[in-house]
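Colleague: I'd like to learn how to read a structure like this one. Could you walk me through it, one feature at a time?

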Amino acid sequence: WHIHANEGLAYQTKPKKINLIGNVRIQQLPGKGSHKARLTTSQMTYFPNQNIAETKQPVTISEPGTVMHSVGFKANFHEGVIKFLSRSEAEYYDAKQ
């Protein structure tokens with residue numbers, strides 16, 4: 001996964017965390033098992049030692065054939081699991097078009 005944001009604040013606390021602020025984009029890197037997923041939100045906290053990210057802000061997650069919207073999520077990138085927290089909806093379309 002590649003993470004980009006306008007600003008970031010790193011804390012050397014236990015657990016270590018990075019607060020990402022403004023135009024946060026997470027892109028799944030190409031490779032075996034990649035779904036070409038992309039997450040966008042305005043603010044997020046990332047815990048690098050656990051490879052976990054979370055936000056309470058609106059988020060959009062897209063991959064070929066699917067666009068999902070939610071308010072808040074918690075993602076475990078190591079396990080490949082994303083939990084949507086509220087007001088979640090999904091749109092499905094033919095990605096081959």
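**Rings, core and strands**

Modeller: Let's begin with aromatic rings, bearing in mind that this is a predicted model. A pair of aromatic rings is described by the distance of the centres and the angle of the planes. Here the count of aromatic pairs comes to 0.

Colleague: Which charged end sits over the ring of Y11?

Modeller: That of K17, 5.3 Å from the ring centre.

Colleague: On to the inside. Which residues have the most contacts inside the largest nonpolar core?

Modeller: They are L20, M44, Y46, A53, F73 and F77, in a core of 14 residues. The elements giving two or more residues to this core are β3 (17-27), β4 (38-47), β5 (52-63) and β6. Take A53 as a case: leaving out neighbours within four places in sequence, A53 is in contact with M44, T45, Y46, F73, K74, A75 and F77.

Colleague: How about I52, buried or exposed?

Modeller: Buried means under 20% relative accessible area. I52 has 17%, so it counts as buried. I52 is in strand β5, and beyond its neighbours within four places it contacts T45, Y46, F47, K74, A75 and N76.

Colleague: How far apart in space are the C-alpha atoms of I52 and I82?

Modeller: They are separated by 9.6 Å, though their positions lie 30 residues apart along the chain, counted as a sequence separation.

Colleague: N76 turned up in that contact list. Where is N76 placed?

Modeller: In strand β6. N76 counts as buried because its relative accessibility is 17%, under the 20% cut-off. A polar atom of the N76 side chain lies 2.9 Å from the backbone nitrogen of E79. Setting aside neighbours up to four places away, N76 touches Q50, N51, I52 and V81.

Colleague: What about T66, buried or exposed?

Modeller: T66 is buried, because its relative accessible area is 11% and the cut-off is under 20%. T66 is in strand β6, which covers residues 66-76. Not counting residues up to four places away, its contacts are I61, E91, Y92 and Y93.

Colleague: And which residues does V71 touch?

Modeller: V71 is found in strand β6 too. Apart from residues up to four places away in sequence, V71 touches K56, Q57, P58, L85, S86 and R87. V71 and E89 are 18 residues apart in sequence, with 9.8 Å between their C-alpha atoms.

Technical notes
Residues numbered from 1 in each chain as written. Predicted model: local features only at pLDDT ≥ 70, side-chain atom pairs only at ≥ 80, totals over all residues. Heavy atoms only, no water. Helix = DSSP H or I, 4+ residues; strand = E, 2+ residues; numbered from the N terminus. Buried < 20%, exposed > 50% of the residue type's maximum accessible area, 1.4 Å probe, protein only. Contact = heavy atoms within 4.5 Å. Core = buried A, V, L, I, M, F, W, Y, C linked by side-chain atoms within 4.5 Å. Phe/Tyr/Trp six-rings, centres within 6.5 Å; stacked < 30°, edge-to-face > 60°. Lys NZ or Arg CZ within 6 Å of the ring centre and 35° of its normal. Polar contact = N/O pair within 3.5 Å; in protein donor to acceptor, adjacent residues only side chain to side chain.
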